[in-house]
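The following exercises are to be worked through with the sequence and the structure at hand. Each task is followed by a solution in steps.

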Amino acid sequence: MEGRRVIVAGASGYLGKHIVKELQFRKIEFGAIVRKKESVYELNLTDKQLIEAEVTKPNTLSGIINNGDILISCVGITRQKDGLTYKDVDFQANVNLLNEAKASGAAKVIYISVLNGELMRHLKLVEAKEAFVDYLKTSTLNYTVIRPNGFFSDMKDFLQMARKGKVFLFGKGQLMLNPIHGADLAKVVVDSIETSTNEIEVGGPDILTQEEIAELALKAFKFEIKISHIPDWVRKSILALLRAFTTSKTYGPYEFFLSMMAQDNIAPRYGVHRLKDFFQKEADKINTHKKTPTEI
């Protein structure tokens, strides 16, 4: 890595911040692309490390990547906002970054997509990501596509239900997944700088059924186990209604979540962070915030 710099696009997002922290820990020289420097205030970045630019506007990217740099992009949106679409951000913004990387003579591009993305191109949220993967593969640059399972942060939906005393699951709840913590995934991403592997699938250390995840969420709040199972035809009906009567801006994230919950999602196991501990920490935060100042 001597003499090379890592450029992190999407540095203000959940994964981006974890990647920056990992680079700081390893003392690797880097630059972090953000729209507003205030969005990464807690990372204590230097002026040299901060790169203010808008990835959807190619003219703001000129000159930010140097010859030999490594570009890591976790640019993407879950919920569309500011009038931008998945195509605008997950595809075109990453194309803008890739074009700048090629023009500057970058050494490698690392892109974070999703597990089994190539099999889920029919989902709006995934379609644009995989279109960029296709574009990346046709470039002349070295590349690695990271395909993580769901993040721990995505599992907060279970906690939101659990805090009310009951969790609802579609089907029998026996489908399995192994979500991964952002800090563990960041290690995989930074390690991939030195690998020649083009695609890496990765998940967390614990393979759990949806039922087991629901139980962990309820136990985090010290509630008895109350899980209701909803017939899968209800999930399919919700999807059909969303697609028929709303735009992709509205149904995109729900389509992705509801589709992922209807299949096994298991990736090679990695990391040390356990979902049980994450749930307990988040539940403790929620319970603390519910207390009045005199109770604390």
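**Exercise 1.** Is Asn116 buried or exposed, and what is its relative accessible area?

*Solution.* The model is a predicted one, in which local features need pLDDT of at least 70 and side-chain atom pairs count only at pLDDT 80 or more, while totals for chains, interfaces and linings use all residues. Residues are numbered from 1 along each chain as its sequence is written, and side-chain values use heavy atoms, with hydrogens and water left out.

Step 1. Recall the classes: buried means under 20% relative accessible area, exposed means over 50%, and partly exposed lies in between (1.4 Å probe, protein chains only).

Step 2. Asn116 has a relative accessible area of 18%, and this residue is therefore buried.

Step 3. Locate the residue. Helices (H or I, at least four residues) and strands (E, at least two) are DSSP runs, numbered from the N terminus. Asn116 is found in the loop between strand 5 (108–112) and helix 3 (124–137).

Step 4. Consider the backbone: although Asn116 is not a glycine, its phi is positive, about 60°.

**Exercise 2.** Describe helix 6 (residues 210–220) and the residue Lys222 that follows it.

*Solution.* Step 1. Of the 11 residues of helix 6, 8 are buried, so the helix is largely enclosed by the rest of the structure.

Step 2. The buried residues of helix 6 include Ile213, Leu216 and Leu218, and also the charged-type residue Glu211.

Step 3. Just after helix 6 comes Lys222, whose phi is positive at about 65°. Lys222 belongs to the loop between helix 6 and strand 11 (227–230).

Step 4. With a relative accessible area of 65%, Lys222 is exposed.

**Exercise 3.** Which side chain forms a salt bridge with that of Lys187, and where do the two residues lie?

*Solution.* Step 1. A salt bridge is a side-chain nitrogen of Lys or Arg within 4 Å of a carboxyl oxygen of Asp or Glu.

Step 2. The partner of Lys187 is Glu22, at 3.8 Å from N to O.

Step 3. This pair links distant parts of the chain, with Lys187 in helix 5 (residues 182–191) and Glu22 in helix 1 (residues 14–26), 165 residues apart.

Step 4. Lys187 is partly exposed at 31% relative accessible area, whereas Glu22 is buried at 9%.

**Exercise 4.** What does the salt bridge between Lys48 and Glu29 tie together?

*Solution.* Step 1. The side chains of Lys48 and Glu29 meet at 3.9 Å, N to O.

Step 2. Lys48 lies in the loop between strand 2 (30–34) and strand 3 (50–52), and Glu29 in the loop between helix 1 and strand 2, so the salt bridge ties together parts that are 19 residues apart in sequence.

Step 3. Lys48 is exposed, its relative accessible area being 66%, and Glu29 is partly exposed at 40%.

Step 4. Set beside this the salt bridge of Glu54 with Lys57, whose closest N and O atoms are 3.7 Å apart. Glu54 is partly exposed at 25%, as is Lys57 at 41%.

Step 5. Place these pairs in the whole: the count comes to 19 salt bridges. A network of salt bridges links Glu118, Glu130, Lys137, Arg147 and Glu199.

**Exercise 5.** Which residues does Lys108 touch?

*Solution.* Step 1. Lys108 lies in strand 5 and is buried, at 5% relative accessibility.

Step 2. Contact means heavy atoms within 4.5 Å. Residues up to four places away in sequence are not counted, and Lys108 then touches Asp69, Ile70, Leu71, Asn142, Tyr143, Thr144, Ser192, Ile193 and Thr195.

Step 3. For Met261, 153 residues from Lys108 along the chain, the C-alpha separation from Lys108 is 34 Å.

**Exercise 6.** How many helices and strands does the protein chain have?

*Solution.* Step 1. The secondary structure comes to 9 helices and 11 strands.

Step 2. Buried residues make up 50% of the 296 residues.

Step 3. Of the contacts between residues at least 6 apart in sequence, 76% join residues at least 24 apart.

Step 4. The C-alpha atoms fill a box of roughly 55 × 50 × 35 Å along the principal axes.
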